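Visitor: Could you walk me through this protein chain, one step at a time?
Guide: Gladly! Have a look at it first, and then we can talk.

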Amino acid sequence: MNIIKYAAVGILMLTVNYTSMAQKNLVTNGGFEDELSGWVDYSAKATPYIFSTGKMSAALFSGDPSKWTGMHQIVALPKNAPYILMSARIKADGVSTGKEDWNGALFLFEMLGKGEAKIGEGINIASVTGDQDWKLYERAYIVPPGTAGIKLLFALGYVSGTMFVDDVSIKVISQADYEKYL
């Protein structure tokens, strides 16, 4: 009888641990309340003037459509994370249309293996042009075996204009939660 009690308690503890892990945002400073701390930026700025929530957001500006401007963060994933949910709020002001279909205010990522080696091709979650008020973009993904992290990128990809980013998140989710996004 004691073995059954211990097994039940063990299963309950694992479930609680997985649930708490699934709720944690793995992105450092995803709300930019600490300016650009945790982000590698190439022309990004933190701004207290335009934001979705909190008191700050990140802003990308470009007047030269021949350049790539942006920021990224490498996010470590827990071992054996089965699924992830990525999300961010994006606002665009006067973002031009580029030469390629994918040019625009971009929200994209790359899966990384050991030593931050890129696995496969980058995946574009959003490409915004023109003017757009704050909009939540979110997508769930299966994490392939051997994935150790995510390189999360926001950029003005060979366009001019302004992109604002706020509320960036990567969370480990369950299969049931993943299926809600199919």
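**Two sheets and a core**

Visitor: In what order do the strands of the open sheet with S1 lie?
Guide: This is a predicted model, where local features need pLDDT of at least 70 and side-chain atom pairs count only at pLDDT 80 or more, while totals for chains, interfaces and linings use all residues. Residues are numbered from 1 along each chain as its sequence is written, and side-chain values use heavy atoms, with hydrogens and water left out. Five strands (DSSP runs of E, at least two residues, numbered from the N terminus) form this open sheet with antiparallel pairing (at least two DSSP bridges between two strands). Their order is S1-S4-S9-S6-S7.

Visitor: Which strands are at its edges?
Guide: Look for strands that pair on one side only. The edge strands are S1 (40-42) and S7 (118-128).

Visitor: Which residue in S4 is the bridge partner of Tyr-42?
Guide: S1 and S4 (residues 68-76) run antiparallel and are joined by three bridges. In S4, Tyr-42 has as its bridge partner Gly-70.

Visitor: Why is one side of S2 and of S8 left without a neighbour in the sheet?
Guide: Another open sheet of five strands has the order S2-S3-S10-S5-S8, also with antiparallel pairing. S2 (44-47) and S8 (130-142) stand at its edges, so one side of each lacks a neighbour in the sheet: each has a single partner strand.

Visitor: How many bridges join S5 to S8?
Guide: S5 covers residues 83-95 and runs antiparallel to S8. Val-95 stands opposite Gly-130 in S8. The number of bridges joining S5 to S8 is 10.

Visitor: Which strand gives the most to the largest nonpolar core?
Guide: A nonpolar core is a set of buried Ala, Val, Leu, Ile, Met, Phe, Trp, Tyr and Cys residues joined through side-chain atoms within 4.5 Å; buried means under 20% relative accessible area, with a 1.4 Å probe and protein chains only. The largest one here has 39 residues. Strands supplying at least two residues each include S3 (57-62), S6 (104-112) and S10 (161-173). With six residues, the top contributor is S5.

Visitor: What share of the residues in the chain is buried?
Guide: The chain has 182 residues, with two helices (DSSP runs of H or I, at least four residues) and 10 strands. Buried residues make up 42%.

Methods. Buried < 20%, exposed > 50% of the residue type's maximum accessible area, 1.4 Å probe, protein only.
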